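User: I am new to reading structures. Let us talk through the empty spaces and the packing in this one.

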Amino acid sequence: MTRRPRNSFLNQPAYITGRRWDLLTWNSAAHDLFGFAAEEDGEHNLLAYMFLDPRARRLFGDDWPAVAQRMLAQFRPTFDLWAGDHAFLDLIGHLRNHSPECAAWWENHDIRPVTSGQKYLHHLTGERYRYEHATFQASDNPALKLAVFTLVNLG
């Protein structure tokens, strides 16, 4: 199945993840901002994007270590819930084998709640922008989450 950015009524960058934080779909604004791979063989997992895709490091700039570490700590409770699931074990094994930061930080066993907040993102133009972000969980399927980023102003 080829995944492509979806056009939608929502102008802000937005994406939907599943229980393992796999990227299920995203809109054109998210594709433009994050550069999520549209090709079939691209990484379609939010953690894989953060730890293995050089675009994530460029996008988050100097904030990348703190953002990546926080994301991993936010994923930990989800992993613990599904710890016996081979898909989760394979994901973390792959990330630990290919990212020294992920391997080191995973050993810390940090846990943090998923929260809304602000992120500073570096566009391809070199400009730094501040975004507010929020994640919404589906009431009938708690594994599905919608993340929305709203541009606030220049950083």
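Analyst: Start with the largest cavity. In this predicted model, the largest cavity is lined by Tyr15, Phe34, Phe36, Leu46, Tyr49, Met50, Phe60, Met71, Lys119 and Phe149.

User: What makes these residues lining residues of the largest cavity?

Analyst: Lining residues have an atom within 4 Å of a point of the cavity. Tyr15 and Lys119 are among those that line the largest cavity, so each has such an atom.

User: Why is it called a cavity and not a pocket?

Analyst: In a cavity, a 1.4 Å probe fits but cannot get out, whereas a pocket is an open set. The space here is counted as a cavity, with about 60 Å³ in it, so the probe is shut in.

User: How many cavities are there by this rule?

Analyst: Two of 30 Å³ or more. The second largest cavity holds about 50 Å³, so it passes that cut-off.

User: What classes of residue make up the lining of the largest cavity?

Analyst: Nine are nonpolar, none is polar and one is charged. Lys counts as charged, and Lys119 is in the lining, so Lys119 is the charged one. Helix 2 (residues 46-52) gives the largest share, three residues.

User: Which residues line the second largest cavity?

Analyst: Gln69, Leu72, Ala73, Arg76, Trp105, Trp106, His109 and Asp110. Helix 4 and helix 6 (100-106) each give two or more of them. Helix 4 has the largest share, with four residues. By class, the lining has four nonpolar, two polar and two charged residues. Arg and Asp count as charged, so Arg76 and Asp110 are the charged pair.

User: What is the volume of the largest pocket, and which residues are closest to its centre?

Analyst: The volume is about 310 Å³. Of the 20 lining residues, the closest to the centre are Gln74, Val114, Lys119, His133 and Thr135. The lining divides into nine nonpolar, eight polar and three charged residues. Helix 4 supplies the largest share here, four residues.

User: Why is the largest nonpolar core called a core?

Analyst: A nonpolar core is a set of buried nonpolar residues joined through side-chain atoms within 4.5 Å. This one has 36 residues, so these 36 meet that rule. Tyr15, Phe34, Phe36, Leu47, Met50, Phe51 and Phe75 have the most contacts inside it. Helix 4 (residues 64-81) gives the largest share, seven residues.

User: What does Phe51 touch?

Analyst: Leaving out residues up to four places away in sequence, Phe51 touches Arg57, Trp64, Ala68, Leu72, Leu95, Ser99, Glu101, Cys102 and Trp105.

Key: Residues numbered from 1 in each chain as written. Predicted model: local features only at pLDDT ≥ 70, side-chain atom pairs only at ≥ 80, totals over all residues. Heavy atoms only, no water. Buried < 20%, exposed > 50% of the residue type's maximum accessible area, 1.4 Å probe, protein only. Contact = heavy atoms within 4.5 Å. 1 Å grid on protein atoms, 1.4 Å probe; cavity = no way out; pocket = protein on both sides within 12 Å on 5 of 7 lines; lining within 4 Å.
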